[in-house]
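Student: Could we go through this model together, starting in the middle of its sheet and working outwards?
Tutor: Happy to; have a look first, and then ask away.

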Amino acid sequence: MTDTPNTDSESARRTVAFLATDGVEQIELTAPREALDQAGATTVLLSLTHGEIQAFENDTEPADTFAVDQLVAEASVDDFDALVLPGGTTNPDTLRLDTDAVSFVRDFVNSGKPVGVICHGPWTLVEADVVRGRTLTSYPSVRTDIRNAGGTVVDEEVVVDGNLISSRNPDDIPAFCEAVVQAVTALDAAE
C-alpha cells in the first residue's frame, strides 16, 4: 500500500522543484522539503546529472546522499508551482556554471511563481540576472555579489519580495519553511 498525499491540504495539488547538486547543505534541502511534503505538496529533486547528490553539513562534513528525480536540463517551469534553491557553498557555485540550471532559475523567477532561496543559494539568482531591483537576504559572503548585481540586501531571517523568499542561514530555517509553505498555499487561495 502506498501513502497518498493529504488531499485536504491546500498544497496537495502543488509540485515544488528543489534544484541542488553535490555540496548542498543537507538541512537546507531536507527541512523545507519535509515541510512542503507535510503540507501535502509533491517535491521533486532536480539536479545536473542522474543518480544521487552528496549533501554536506557545515560545508565540510559529508552527510547523506539523495536520489535525483529529474535532470534540470529536461525540466520545464510549466511542470512546477514553486522552486527552492538550498545553499551550501559548493552547490550554488556549481549550479551557476551550468547553463541549463541558470536558464531554469531565470525562467522560474520571471514566471512569477514562488522561489525560495537560502544561504549561498542566491549565487544562482545573481548568475541568472534576476536580483536587479529586488530585496533579499543571504549568507554574509554573498551579499556583495547581490549588491553588485543590482539587488538590495537586508539582514533579516526571512525576506519576501514579490515571488522571492530568502533567508540567511540554517538558523532561519523555521521562518524560511513557514514562508515557503505559505507562498505555495497562497497559490490555491489565488485561484
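Student: Are the residues on the two faces of strand β7 (residues 82–85) buried or exposed?
Tutor: A word on the source first: this is a predicted model, where local features need pLDDT of at least 70, side-chain atom pairs count only at pLDDT 80 or more, and totals for chains, interfaces and linings use all residues. Residues are numbered from 1 along each chain as its sequence is written, and side-chain values use heavy atoms, with hydrogens and water left out. Strands (E, at least two residues) and helices (H or I, at least four) are DSSP runs numbered from the N terminus, while buried means under 20% relative accessible area, exposed over 50% and partly exposed in between, with a 1.4 Å probe and protein chains only. Ala82 and Val84 lie on one side of β7 and Leu83 and Leu85 on the other, and all of them are buried.

Student: Which residue of β8 is the bridge partner of Val84?
Tutor: Strands count as paired if DSSP finds at least two bridges between them. β7 and strand β8 (residues 115–118) pass that with 3 bridges, in the parallel sense. The partner of Val84 there is Gly116.

Student: And which residue in β12 stands opposite Gly116?
Tutor: β8 runs parallel to strand β12 (residues 164–167), joined to it by 4 bridges. Opposite Gly116 stands Ile165.

Student: What is the order of the strands in the open sheet of 7 strands?
Tutor: On the other side of the walk, strand β1 (residues 15–19) pairs with β7 in the parallel sense over 3 bridges. The edge strands are β6 (70–71) and β11 (159–161), each pairing on one side only. With mixed pairing, the order is β6-β3-β1-β7-β8-β12-β11.

Student: Which element gives the largest share of the largest nonpolar core?
Tutor: A nonpolar core is a set of buried Ala, Val, Leu, Ile, Met, Phe, Trp, Tyr and Cys residues joined through side-chain atoms within 4.5 Å. The largest has 31 residues, and Leu19, Leu46, Leu83, Phe104 and Leu125 have the most contacts inside it. Elements giving two or more residues include β1, β7 and β8. The largest share, 6 residues, comes from α3.

Student: Which strands stand at the edges of the sheet with the order β2-β4-β5?
Tutor: This open sheet has 3 strands and mixed pairing. Strand β4 (residues 52–57) runs antiparallel to β5, with 5 bridges. One side of each edge strand is left without a neighbour in the sheet, because each has a single partner strand; they are β2 (24–25) and β5 (61–67).

Student: Is Arg33 buried or exposed?
Tutor: Arg33 meets Asp69 in a salt bridge (3.2 Å, N to O), that is, a side-chain nitrogen of Lys or Arg within 4 Å of a carboxyl oxygen of Asp or Glu. Asp69 is partly exposed at 47% relative accessible area. Arg33, at 17%, counts as buried.

Student: Why does the pair Asp161 and Arg134 tie together parts that are apart in sequence, and by how many residues?
Tutor: Their closest N and O atoms are 3.7 Å apart. Asp161 lies in strand β11 and Arg134 in the loop between α4 and β9 (135–136), so the parts tied together are apart in sequence by 27 residues.
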